[in-house]
Amino acid sequence: MKCLVVAEHDGATVRAGSLAALGFAADVAAQTGGSTTWLILGHELNDVSQHAARYAAVLAGDHPLLAAPTADRYAAVIDDQTRRGEFDLVVAAASTFAKDVVGRAGGLLGGAMASDVVAHRWENDRLVMQRPMYAGAVLATVVLSGSPQIVTVRPTAYAAPQPRTEPAEIATVGIDAETLPQHIEWLELETRPTHRPDVSEAQIVVSGGRAIRDRDDFERLIGGLADALGGATGSSRALVDAGITPNEFQVGQTGKIVAPELYCAVGISGAVQHLAGMKNSKMIVAINQDADAPIFEVADYGLVGDVYQVVPELIQRLKDEPDRHHPPPES
Amino acid sequence: MKILVPCKRVPDADQKIEVHPDGSAIISAHLPFLLNPFDAIAVEEAVRIREQRDGETEILAVTIGEEVCQDELRTALAMGADRALLVVCLQPPDPWNVARILRAVTQREQPDLVLMGKQAVDDDSNQVGQFLAALLDWPQATFASRLNFVDNGLRVARETDAGLETVTVSLPAVVTTDLRLNEPRYASLTSILKARKQSIDQFCLADLAVELEPRLEIRHLETTASARSCQWVTSAAELVDRLRRETH
Ligand SMILES: Cc1cc2nc3c(=O)[nH]c(=O)nc-3n(C[C@H](O)[C@H](O)[C@H](O)COP(=O)(O)OP(=O)(O)OC[C@H]3O[C@@H](n4cnc5c(N)ncnc54)[C@H](O)[C@@H]3O)c2cc1C
Ligand SMILES: Nc1ncnc2c1ncn2[C@@H]1O[C@H](COP(=O)(O)O)[C@@H](O)[C@H]1O
């Protein structure tokens, strides 16, 4: 299959999730004698194109009208490039960007789309995929009919391919400003600055739940533990609803899906919607005062206690021990 | 202003989902069903818009499915929808076909706004709103956290992975709801009783001149289970010790 991978980027590098999506596409291409190509959209794409070209050939759609990811314009370009290049498969990492933009492109391209794919195989000339349903309680085996096929994959289920020895070709695609739809005007993005890694990309995630009473406590306990472990912070829906954490912290069925090396659930009960977002983490530690909380059913280590007592002690002990998570710079 | 609110019947998420031994479908016989929570948020928002506009708004709830899906339409009516429409479809349609049927309903009803859930919590596809907007060539604002009418359309704050993004879209538009948009009201007993008596329009696919075009075929379902067993530690010191050994 000829695969087009829609990249998500910060202007400098392609996001880790998109590299995982490329990993999926590269495997499909290898099994089917196909190829992989990036589609990168935005403005001033030199740096990110060079980064991407270390992995696969690049089509770059660079235009001031594409500076912000507006779904109508982006989807129009994806649609156009998919048809022109006669791609069989359009792939992206399952993120809010892809759900919005690639979902709309899927509608323009005939609707053969599978979201959140976690496994695949090539069988009797069909791409057979698996995707979770019902908050991850059920795994569905699906096939798509129609071409092209549109797939978003869970980055947690795929690995980035090895970089190439020589960078691949970078081609720019023409953007016709006249025909680009302009029904959506992008105004602003409000983010809270943080020194911590992104929760979807971190190797260690510490998440807080309703046990945490306010923003200061979240920063002191959850932020403090994340810093002591060198990780990111996340939360359950309860804290987002309460205005204690921003929406992008929400881990779960309808938030972010994570699978870090270590996930610490602090004062989180373990509702199915939360478990859906973290139960595939490599190691799960739960701290909760209720020994019957469902979070312990998915945990490797459980500690029954009051987070207001346990967590400060944990932070202190981690700080006291030899610096294993932040090795000193080599002198 | 006319607002179309697609509503889906989904199993209650608090219930354990089981699959038939042959993997063909979930066992739904004794499952309680309800209105998809994101669609309830959409109905609530539509009712609030009507309240702000002194009633000059018509809210039409529509669902695609079997006769029993009328239950969820009645939930929408009890929450304040003015009319309800059932498009009878005996097999559960995939997102592409839901979007195509909704396009036909939209063309017939000419709403100014389609307000719907970002995701159905059974299939978790998160596709229909985006497909519908593409099919209609309307602007979209997905994952809405706040809506305001402005001169040239709607200003929408969107919940994205990177933070809260604000866009304006011209009308007509498709808007999909996220959790923070509002907290849906509980319908009062009187409105529930009233909704029971309200008539529900019914269409079949032929009435809408839609033929299904299958795109997503579900071949097999299986349940997943956690294989972990929890090892209990009794102190922070012991936990740090375990973590150190596991991660060396
Ligand atoms: C449509 C829909 C989508 C949803 N999507 C998501 C999602 O994506 N992500 C998500 O997380 N949720 C989601 N939810 C919400 C989910 O159902 C739960 O309500 C939520 O996860 C609960 O958060 P919590 O565990 O923090 O709070 P609670 O369930 O209230 O649990 C708090 C826990 O903290 C413990 N505790 C309290 N005080 C202390 C203390 N001092 N020390 C130790 N332990 C203490 C309690 O024993 C309890 O177990 C969704 C719900 C719906 C309806
Ligand atoms: N059978 C259906 N009837 C009415 N609306 C639906 C149906 N299926 C999906 N929808 C709408 O599409 C939204 C997104 O669904 P999905 O793309 O399947 O996750 C839901 O929140 C509903 O508003």
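Select Val307(A) and ligand 1 in this predicted model. A backbone N or O atom of Val307(A) sits 2.9 Å from a nitrogen atom of the ligand. Next, show the side chain of Ser236(A): one of its N or O atoms is 2.6 Å from an oxygen atom of ligand 1. Do likewise for Gln273(A), where the distance from a side-chain N or O atom to an oxygen atom of the ligand is 2.8 Å. On its own, ligand 1 has 980 Å² of accessible area, and the protein covers 81% of this.

Now colour by chain. Ligand 1 lies between chains A and B. There are 27 residues around the ligand, and among those that come nearest are Arg210(A), Gln250(A) and Ser269(A). By class, this shell has nine nonpolar, 14 polar and four charged residues. Select α6 (237-241) and α7 (272-278) of chain A, then α1 (37-52) of chain B; each gives the shell at least two residues.

Move on to the sheet. Six strands form an open sheet with parallel pairing, in the order β13(A)-β12(A)-β14(A)-β15(A)-β16(A)-β13(B). At the edges are β13 (232-235) of chain A and β13 (231-233) of chain B, each paired on one side only. From one strand to the next, the twist averages 20°.

Within the sheet, select β15 (283-288) and β16 (301-304) of chain A, which pair in the parallel sense over four bridges. Ile287(A) stands opposite Leu303(A) of β16(A).

Finally, add two helices. Helix α8 (307-320) of chain A packs on the sheet, and its direction makes about 135° with that of β15(A). Helix α6 (236-247) of chain B also packs on the sheet, touching β14, β15 and β16 of chain A together with β13 of chain B. Its direction makes about 175° with that of β15(A).

Terms used. Residues numbered from 1 in each chain as written. Chains lettered and ligands numbered in written order. Predicted model: local features only at pLDDT ≥ 70, side-chain atom pairs only at ≥ 80, totals over all residues. Heavy atoms only, no water. Pairing = 2+ DSSP bridges. Axes fitted to C-alpha atoms, helices over the stretch in contact; angles between N-to-C directions. Contact = heavy atoms within 4.5 Å. Near = heavy atom within 4 Å. Polar contact = N/O pair within 3.5 Å; in protein donor to acceptor, adjacent residues only side chain to side chain. Areas by Shrake-Rupley, 256 points an atom, 1.4 Å probe, with all protein chains shown as cover. Nonpolar A, V, L, I, M, F, W, Y, C, P; charged D, E, K, R; others polar.
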